[in-house]
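Trainee: I should like to understand how the terms used for this structure are justified. May we go through them one by one?

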Amino acid sequence: MSQTLAVVRAAFTDATARPAAFWTQVGAMVANDLAMIAFWILFFHQVRSVRGWDADRVFLLFAILATAAGIVLGFLSNARRIPELVETGSLDEALSLPMSPLRYLLVRRVDTVNVGDVVFGVVLFLVTGHPTPQRAALFVGGVVVAATLLTAFLVTLGSVVFFTGRGEPGALGMHAILLLAGYPVDIFTGAAKGLLYTVVPAAFVAAVPARIVDAPSWRDVALMLLATAVFVVLARTAFGLGLRRYTSGSAWGRG
Amino acid sequence: MSAPARGAAVPVAPPAPGLTPLLVLRRLAVPAATASRRVLADRGGLVTSVVFFLLVSVVLSALWRAAAGPSGTVVGYTAAELTWYAFAAEAAVCTIDLRLIERIGEDISSGSVAVEMLRPLPVVAVRLAVESGRALGRLVALVVVGSGAAWLLAGPPPDALHGLLALVSLALGVVVNVAAQHVVASAAFRLRDVRATWFLYQKTVFILGGMLLPLEVLPGALRTLALWCPFMAMAYAPARLATGQGTALLLLVQAGWLVVLVAAAAFVFARGQRRLEVVGG
């Protein structure tokens, strides 16, 4: 554990070494998120609600998504870079260390721009989420589980590169889950909606946690924990099996 | 070669003698066509672009269809028209490299643009030709796949003639967008770092360009502002034509913005090139 903390500390020091650049990046992402809020305000100005989702519920969904995605893409930013690390041979440095390579990779790098998402998500919840102690606790719990699920999903898809040599599934998967999670799940019907609860578990990244904050139910909590557990097992298995096939060696050897 | 201690002004190649505008256009067609062929030959990259475009379009059209309901309308558009709107607007924007501004800015701030200045054609002209060629090559794939998907979800295009106008409008919108991104990225000649601007530019196109929503959704003053901005020529114009609404006047507005933005890009690049200094050899 102390090794992990040391790596986290180093990653933070690296990311905040230039405070001006750090805050500029955070500000840029907050502005970016504000544009999406502007979209939803304009949308709900014309359409009062969509299949039970009104502005308040969508803001809550967006707050959870921004915070969870900000944690994953900001503080565990290598979760989305596994294909790139494998293709460039950058995985080698993790293999020689006395700690789990996956754990090391996940905490090794902080992407400052996505830290802005975390700031924005928390502020959005405080401003529009009608925070009470119970809702705040559910928000925090939902964000933690959603971030775990998102990390596991990205690692699983990223690990496809070990078997196919192609990194596109990882990149596409990330865009897909973030995009699909950003809209009310009930706008989809039939098989498309089913996919969001299974293959691309976008519903569990924002819509289900938002539902839990609004109307807590043990069924939703159990479903969310089950989905997260399944993807964590998948991620560990895919990365572990992939690592056994990893033979690229040092990037220096490629001439 | 050792690097000079101070930055050195980059020599600009003089225009080749006898280079008429028509000849310039013919010469620019070559890199544009090559860029198009390259995009279409890169099957992996093309599939990724198409899948991403489909994802965004399907999600947005689902949102608007749900908002309109089976027989209702939103700001005068039916669910089927909103579906065609979403696919056309997304095709117009998704066909261009998301981080084009960042890429141009890096080429300027790193000095690699200096090599392009040695060519007997204006830097910005060649860049516009190559980027437009790339985007238009990709657009062909997006239009084919997107039309099929929209047809499956919402039935045939609302009006065949408007559909044809929308195709022309899409091509115009793409070139307008590429030119505008060159204007914005040229700030790198002064600022060196324009990485954060692509975020803001993109979001402006999302809202004022009508990529996420028809401009009729915007409240009064904001709608007027959006209709007077060049961003409407990038996504709203082709998307509105794809819904079977709007007139050919939209194409004229797009052509007007194209002239203005290409001239602006040429002007800011010419000024920037004069002040560009590159360190190193």
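**The interface and its terms**

Mentor: The contact (heavy atoms within 4.5 Å) takes 26 residues from chain A and 27 residues from chain B. This is a predicted model, in which local features need pLDDT of at least 70 and side-chain atom pairs count only at pLDDT 80 or more, while totals for chains, interfaces and linings use all residues. Residues are numbered from 1 along each chain as its sequence is written, chains are lettered from A in the order in which they are written, and side-chain values use heavy atoms, without hydrogens and water.

Trainee: What area do chain A and chain B bury between them?

Mentor: About 2400 Å², 85% of it on carbon and sulfur atoms. Buried area is the accessible area (1.4 Å probe) that two parts lose on being put together, summed over both. A:Phe39, A:Leu42 and A:Leu172 supply 23% of the area that chain A buries against chain B, more than any other three residues.

Trainee: How many salt bridges does the rule find across the interface of chain A and chain B?

Mentor: The rule finds zero there. It asks for a side-chain nitrogen of Lys or Arg within 4 Å of a carboxyl oxygen of Asp or Glu, so no pair across this interface is counted as one.

**Rings and charge**

Trainee: What makes A:Arg57 a charge over the ring of A:Trp53?

Mentor: The definition requires NZ of Lys or CZ of Arg within 6 Å of the ring centre and within 35 degrees of the ring normal. The charged end of A:Arg57 sits 3.9 Å from the centre of the A:Trp53 ring, and therefore satisfies the distance limit of 6 Å.

Trainee: Which residues do ring pairs link into a cluster?

Mentor: A:Phe39, A:Trp40, A:Phe43, A:Phe44, A:Tyr183 and B:Trp64. Rings of Phe, Tyr and Trp (its six-membered ring) pair if their centres lie within 6.5 Å; planes under 30 degrees apart count as stacked, over 60 as edge-to-face and the rest as tilted. Over all chains, the search finds 17 aromatic pairs.
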